[in-house]
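Here is a short tour to read alongside the sequence and the 3D view. Keep both open, and turn the structure as you go.

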Amino acid sequence: MLRTLLDRHLLTRLDDGGQGAPGRFALADAVREHAQGVAPALPQWAPARAAHAERVNEVVAAAAEQVRAGQSRPAHATYRAIVADIEPALSWQREHADRLPYLRACWQAAGLHGTYGAMRLAIDCLQDATAIAPQGRDECDQSAWCHYMLSRTQVLLGDTAAAARTIRAARRLAHGSHDQRLLGLIDTWLATVLCSRMQLQP
C-alpha cells in the first residue's frame, strides 16, 4: 500500500538527513488540504486526534524517562532522531490536539533538550507553551510545570531576572494545586533563584 501511494505521488518520502531517523513521509499538498477539509466532520476524527496526542506523550515520556533514569548519554545521531520524532509531533499537537496533552509533552520535551544541551530548542518549546492561557486545574498544573522548566533553563542561560519572573508565575499557577511534588519543586526553586539574585546585587 505504501508503495502504491508513493507511485501515485500521494506520499513523498522525506530525507532523514543521514541522522539515523526512521523513514518518514509527507502527504501531497492537495491530499492534505482535502483531508483537513473533511476530516473534522468524520466521527473518527476526535478519537484519532486523542490517540495521536497520547502517542506524542508516549514518545516524549519514554525519552524523558531514559534521561531521568540516568542511562548512558545517547550518541548525537540518536538524540537527533528522537528530536526528529518529537518536534513534528508537537507541532501537529499544538495545532490540532487538546491543550492539556500538549502542555504535558512540552515540559517533558524541554527537559530532554536541556539535558543534552539543546537550550534553544528547550526555550522555544517552553516559551510557546507558557504563552497559552490555561483553563482549569489540570491545565494550570501543566502550565506551572512549563514555567518551572523555563525558569531553570533561563538560569542556565544567565538570565536570573527572567527566571525570577517565570518562577513567580509558576507559583501563581500552582496555587491550589494538589500536586505536592510540583509545589515543593517550585517553592525550592523560587527560594534558590531569589537567593541567587540577592547575591548578585552589589
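## A buried aromatic pair and its surroundings

Trp145 and Tyr148 are both buried. Please keep in mind that this is a predicted model, so every value below is computed from predicted coordinates.

A search of the whole structure turns up one aromatic pair. The ring centres of Trp145 and Tyr148 are 6.1 Å apart and their planes meet at 80°, so the pair counts as edge-to-face. The two residues share helix H7, which covers residues 136–156, and they sit three residues apart, about one turn of the helix.

There is another ring worth finding while you are here. The charged end of Arg152 sits over the ring of Trp189, at 4.3 Å from its centre.

## Helix H7 as a whole

Helix H7 has 21 residues and spans 31 Å from its first C-alpha to its last, close to the 30 Å expected at 1.5 Å a residue. How many of the 21 residues of H7 are buried? The count is 15, so the helix is mostly covered, by the rule that a residue under 20% relative accessible area is buried.

Ser143 is a good example of that cover. This residue is found in helix H7 and is buried, with a relative accessible area of 0%. Setting aside neighbours within four places in sequence, Ser143 is in contact with Leu103, Ile132, Pro134 and Leu173.

Asp141 also lies in helix H7. With the same kind of neighbours left aside, those within four places in sequence, Asp141 is in contact with Ser177, Asp179 and Leu182. Just after H7, look for Gly158, which takes a positive phi of about 85°.

## Two salt bridges

Side chains of opposite charge can pair when their charged atoms come close. This structure holds two salt bridges.

One of them joins Arg137 and Asp141, whose closest N and O atoms are 2.9 Å apart. Both residues belong to helix H7, four residues apart, about one turn of the helix. Is Asp141 buried or exposed? Asp141 is buried, because its relative accessible area of 11% falls under the 20% cut-off. Arg137, in turn, is partly exposed at 29%.

The other salt bridge is formed by the side chains of Asp187 and Arg171, at 2.5 Å from N to O. Asp187 lies in helix H9 (residues 180–200) and Arg171 in helix H8 (residues 160–174), so this pair ties together parts that are 16 residues apart in sequence. The C-alpha atoms of Asp187 and Arg171 are separated by 7.4 Å.

The table gathers the accessibility of the residues in these bridges.

| Residue | Relative accessible area | Class |
|---|---|---|
| Arg137 | 29% | partly exposed |
| Asp141 | 11% | buried |
| Asp187 | 36% | partly exposed |
| Arg171 | 27% | partly exposed |

## Helix H6

Helix H6 takes in residues 119–130. Its 12 residues reach 16 Å from the first C-alpha to the last, close to the 16 Å expected at 1.5 Å a residue. Which residues of H6 are buried? They are Met119, Ala122, Ile123, Cys125, Leu126, Ala129 and Thr130.

## Stepping back to the chain

Now zoom out to the full chain. It contains nine helices and two strands. Read from the N terminus, the elements run α-β-β-α-α-α-α-α-α-α-α.

What share of the 202 residues in the chain is buried? Buried residues make up 38% of them. The chain exposes about 11,700 Å², and carbon and sulfur atoms supply 55% of that area.

Sequence separation adds one more view of the fold. Among contacts between residues at least 6 apart in sequence, 61% join residues at least 24 apart.

To finish, return to H7 with the whole chain in sight. This helix carries the edge-to-face pair of Trp145 and Tyr148, and the salt bridge between Arg137 and Asp141 lies within it too. Ser143, with its relative accessible area of 0%, is buried in H7 as well.

Methods: Residues numbered from 1 in each chain as written. Predicted model: local features only at pLDDT ≥ 70, side-chain atom pairs only at ≥ 80, totals over all residues. Heavy atoms only, no water. Phe/Tyr/Trp six-rings, centres within 6.5 Å; stacked < 30°, edge-to-face > 60°. Buried < 20%, exposed > 50% of the residue type's maximum accessible area, 1.4 Å probe, protein only. Lys NZ or Arg CZ within 6 Å of the ring centre and 35° of its normal. Salt bridge = Lys/Arg side-chain N within 4 Å of Asp/Glu carboxyl O. Expected span 1.5 Å × (residues − 1). Contact = heavy atoms within 4.5 Å. Areas by Shrake-Rupley, 256 points an atom, 1.4 Å probe, with all protein chains shown as cover.
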